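Work through the exercises below with the sequence and the structure side by side, and try each task before reading its solution.

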Amino acid sequence: MDSGEIPAALTHVYDASAERAHRLISRLQKKPQLVANHHLLSSQSIDLVVEAASQDAVRDAALSVLQNRKDLMIMSAGALLDESVFAVLEDACREFGRTIYLPSGAIAGLDGLASVRSELEEVTLTTTKHPDSLRGAKFFAAHDMSADEITKPTTIFRGPARNAVSMFPANINVAALLSLAGLGAQRTEVSIVADPSATKNSHRIEARGRFGRMTFLTENVPDQDNPKTSRLAALSAVEMLRRICSEGIRVGT
């Protein structure tokens with residue numbers, strides 16, 4: 001927004017870590033105001049709140065944002081695989097006339113997948129990351145293992161998207177997006193491969209049904225500041241902001 005490429009202004013910022021918030025503000029030419037909590041954030045005279053923190057942040061703040069009649073962009077889409085969270089936020093969108101936006105994150109193909117949702121029969125996702133990009137996930141504590149133990153490509157998880165998002169809440173939001181666009185969290189099959197030789201975060205999606213077959217492969221450069229996610233995830237949020245704030249011709253469904 002400092003660049004002027006998006007016709008919008010970042011006016012307020014909140015982070016549970018004041019240090020991180022001040023670090024962000026220091027990098028911007030146009031300084032937003034730092035607020036003390038997320039309730040103060042959503043009560044400001046703004047149009048859109050962007051969540052880029054965690055699934056817990058969605059659970060804690062999303063309803064308040066909608067009740068304050070602000071639109072919301074959610075990056076931690078895994079929170080929406082909790083059916084109670086999804087139902088509450090969907091009802092709030094209708095009640096308060098608001099919209100929740102979900103950027104496509106670190107994968108491609110969601111437009112096509114959503115278009116054939118009614119004809120889908122099978123959707124699978126295989127995600128491959130360096131063990132360092134998976135470090136800290138609940139999965140390791142639950143299975144009494146460490147990312148440091150992985151010395152060769154290893155499939156450490158195979159199961160439905162709902163379980164994947166629960167075990168890897170900061171690493172596999174792509175599985176949530178895929179579920180929401182397609183067959184749902186129980187019928188979307190996910191495999192997670194930890195590969196010490198991997199230099200990119202890769203996501204291979206295969207979908208088949210009465211419409212035919214789709215295959216998408218995305219190989220992402222890990223984000224420099226947060227290797228748990230990919231640079232594409234941030235770029236997808238920027239592009240969605242551009243679409244929200246711009247008029248004219250729009251490409252894609």
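## Exercise 1: the surroundings of helix H9

The cover over the buried residues of H9 includes H3, H5, S6, H8, S8 and S9. The model is a predicted one, and the exercises should be read with that in mind.

Task: Decide how far H9 is enclosed, and name its buried residues.

Solution. Start by listing the buried positions of H9, which are Asn-173, Val-174, Ala-175, Ala-176, Leu-177, Leu-178, Ser-179 and Ala-181. Next, set this list against the length of the helix: eight of the nine residues of H9 are buried, so the rest of the structure largely encloses H9.

## Exercise 2: the nonpolar cores

Task: Describe the largest nonpolar core, and state which element gives the most to this core.

Solution. First, the largest nonpolar core has 37 residues, and those with the most contacts inside it are Ile-156, Phe-168, Ile-172 and Ile-192. At least two residues of this core come from each of helix H5 (110-115), strand S6 (120-129), helix H7 (138-142), strand S7 (154-160), H8, H9, strand S8 (188-194) and strand S9 (201-209). H9 gives the most to this core, with six residues. As a closer look at one member, Ile-156 touches Leu-134, Phe-139, Phe-140, Ile-150, Phe-168, Ile-192 and Ala-194, when residues up to four places away in sequence are not counted. Finally, a second, separate core of 17 residues includes Ile-46, Ile-74, Val-85 and Phe-96.

## Exercise 3: two polar residues

Task: Is Ser-64 buried or exposed, and what do the side chains of Ser-64 and Ser-42 share?

Solution. Ser-64 lies in helix H3, which spans residues 55-67. Its relative accessible area is 10%, and because buried means under 20%, Ser-64 is classed as buried. Leaving aside residues up to four places away in sequence, Ser-64 touches His-39 and Ser-42, and a polar contact of 3.4 Å joins the side chains of Ser-64 and Ser-42.

Task: Where is Asn-171 placed, and which residues does Asn-171 touch?

Solution. Asn-171 is found in the loop between helix H8 (161-167) and helix H9 (173-181). With a relative accessible area of 6%, Asn-171 is buried. Beyond residues up to four places away in sequence, Asn-171 touches Lys-129, Ser-133, Leu-134, Ala-137 and Lys-228.

## Exercise 4: an annotated span

Task: What does UniProt list for residues 5-103, and how far apart do the end C-alpha atoms of this span lie?

Solution. UniProt, in an unreviewed entry, lists residues 5-103 as "domain: Aspartate/homoserine dehydrogenase NAD-binding". In the model, the end C-alpha atoms of residues 5-103 lie 18 Å apart, and the span is 41% helix and 14% strand.

Notes
Residues numbered from 1 in each chain as written. Predicted model: local features only at pLDDT ≥ 70, side-chain atom pairs only at ≥ 80, totals over all residues. Heavy atoms only, no water. Helix = DSSP H or I, 4+ residues; strand = E, 2+ residues; numbered from the N terminus. Buried < 20%, exposed > 50% of the residue type's maximum accessible area, 1.4 Å probe, protein only. Polar contact = N/O pair within 3.5 Å; in protein donor to acceptor, adjacent residues only side chain to side chain. Contact = heavy atoms within 4.5 Å. Core = buried A, V, L, I, M, F, W, Y, C linked by side-chain atoms within 4.5 Å. UniProt positions renumbered as here; feature names shortened; annotations may be inferred.
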